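Please look over the structure shown below before reading the questions and answers that follow it.

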Amino acid sequence: IYDQKRREMLDSVEERFLSCDLDNDQTLDVYETTICLPQVARQFRHVDINNDNVIVGFIEKIYLIFLL
């Protein structure tokens, strides 16, 4: 059951990430995040762990779980 719940949570994050990616470049920038995930936008610098001004990659997506 735990693995199933974890998979569902990861799938949910992936769905939200893709739905917010307005330019379909597989990243979320500050603008996309502000429009679609304001609670993440407030913490954008913490989520953008490599400071490249976009959210991309598995680690950053996993961090979204804690904010959503």
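**Surface and core**

Q: Which residues make the nonpolar surface patch of about 350 Å²?
A: This is a predicted model, in which local features need pLDDT of at least 70, side-chain atom pairs count only at pLDDT 80 or more, and totals for chains, interfaces and linings use all residues. Residues are numbered from 1 along each chain as its sequence is written, and side-chain values use heavy atoms, with hydrogens and water left out. Patch residues have over 30% relative accessible area (Shrake-Rupley method, 1.4 Å probe, only the protein chains shown counting as cover) and no salt bridge (a side-chain nitrogen of Lys or Arg within 4 Å of a carboxyl oxygen of Asp or Glu), and nonpolar side chains (Val, Leu, Ile, Met, Phe, Trp, Tyr) are joined within 5 Å, like charges within 9 Å. The patch of about 350 Å² is made by Leu22, Tyr31 and Ile35.

Q: Is Tyr31 buried or exposed?
A: Buried means under 20% relative accessible area, exposed over 50%, and partly exposed in between. Tyr31, found in helix H2 (residues 30–36; helices are DSSP runs of H or I with at least four residues, strands runs of E with at least two, numbered from the N terminus), has a relative accessible area of 56% and is therefore exposed.

Q: Which residues of H1 are buried?
A: Helix H1 covers residues 2–20, and its face turned away from the buried side carries the exposed residues Lys5, Glu15 and Ser19. The buried residues of H1 are Leu10, Val13, Phe17 and Cys20.

Q: Where is Asn51 found?
A: Phi of Asn51 is near 55°, a positive value in a residue other than glycine. Asn51 is found in the loop between H4 and strand S2 (54–55).

Terms used
Buried < 20%, exposed > 50% of the residue type's maximum accessible area, 1.4 Å probe, protein only. Expected span 1.5 Å × (residues − 1).
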